[in-house]
Amino acid sequence: MSSTASLTVAAAQPRCAAAHRPDTVSENVALHAAAVREAGTRLVVFPELSLTGYDLAAPAVDPADARLAPLVAACAEAGAVALVGAPVAETDGRESIATLAVTGDGARVVYRKMRLHGAEVERFAPGEKPAVLELDGLRLGLAVCADAADPAHAAETAALGIDAYVASTLYGPGAAQAERRDGHFRDRAAAHGVWCVLSTSAGATGEYPDSSGGSGVWAPGGDLVVQAGTAPGELVRVELPGR
């Protein structure tokens, strides 16, 4: 069996543009593009609903939306894949909280949040199944926020055969939420023997005036490898070994 190359990954927590403005998505796209260029990695992971902020009233984003062009261009220049968050509309009229994979060729939905939380259920439909994104020979299991808080979601995803569990989330500020955040990813890494990559919001995002920060990476077994602080705009990098 041939071996695969390692995968460089960044977990970003960019500043989020103020919600409810005509240019919110465009401003966030510009911030995402800057983070992709700064990261210099093959994969860059962003928080839940990162293109709109955590604004449950934000209009759905079409993966073909022309406003995403600067991020597509940044990914083309960097040879990167960006995992970004947005509300999306389905062809049958349902809406989902989604993860989009953005490359130099455009954007596509690769995962829909399965474990909806709180008021999300009033608008959004849950995703129907776990998903794996294969990138450069590594299998990345995807999660959005409350997914990762449920051990069963990680188990369902790990059963598909994954090298890493990659989550885009939002946690509130304060020590209790930080402890909860870190415990989730330490436990998932230990339970399944996989890398865990967390991108989580920092500072204000949509309806939240503050959030935890602390994006990071946990090694198989549960040891913390690298972690950002609480400030928006930080990112951390890691190299995941190939198979």
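## A tour of two cavities and two cores

The residues lining the largest cavity split into five nonpolar, four polar and two charged. Keep in mind as you click around that this is a predicted model.

**Stop one: the largest cavity.** Select P14, R15, C16, H32, P47, E48, S50, S201, A202, A204 and T205, and you have the lining on screen. The space they enclose comes to about 70 Å³. How many cavities of 30 Å³ or more are there? Two, so counted with that cut-off on a probe-sphere volume.

**Stop two: the second largest cavity.** Leave E48 selected, since E48 also belongs to the lining here. Then add L49, V84, G85, I97, A98, T99, V144 and S168 to complete the set. This cavity has a volume of about 40 Å³. Its lining holds five nonpolar, three polar and one charged residues. Now colour by strand: β3 (81-89) and β4 (95-103) each put at least two residues into this lining. Which strand gives the most? That would be β4, with three residues.

**Stop three: the largest nonpolar core.** Nonpolar side chains in soluble globular proteins tend to be buried together. In this model, the largest such core has 35 residues. For a quick way in, show V9, L43, L83, L140, V166 and L240, the members with the most contacts inside the core. Next, highlight strand β7 (residues 138-144), which brings four residues, the largest share of this core.

A second core of 26 residues is separate from that one, and A12, A33, A35 and V44 are among its members.

Go back to L43 and display what surrounds that side of the model. Setting aside residues up to four places away in sequence, L43 touches T8, V9, A10, V81, L83, L135 and L140. Three of the names you picked a moment ago, V9, L83 and L140, turn up again in this list.

**Stop four: the loop at L116.** Move along to the loop between β5 (106-112) and β6 (132-135), where you'll find L116. Which residues does L116 contact, once neighbours within four places in sequence are left aside? They are I97, V121, F124, A125 and P126. I97 should look familiar from stop two, as part of the lining of the second largest cavity. To finish, draw a C-alpha to C-alpha distance from L116 to V102: the two are 14 residues apart in sequence and 23 Å apart in space.

Key. Residues numbered from 1 in each chain as written. Predicted model: local features only at pLDDT ≥ 70, side-chain atom pairs only at ≥ 80, totals over all residues. Heavy atoms only, no water. 1 Å grid on protein atoms, 1.4 Å probe; cavity = no way out; pocket = protein on both sides within 12 Å on 5 of 7 lines; lining within 4 Å. Nonpolar A, V, L, I, M, F, W, Y, C, P; charged D, E, K, R; others polar. Core = buried A, V, L, I, M, F, W, Y, C linked by side-chain atoms within 4.5 Å. Buried < 20%, exposed > 50% of the residue type's maximum accessible area, 1.4 Å probe, protein only. Contact = heavy atoms within 4.5 Å.
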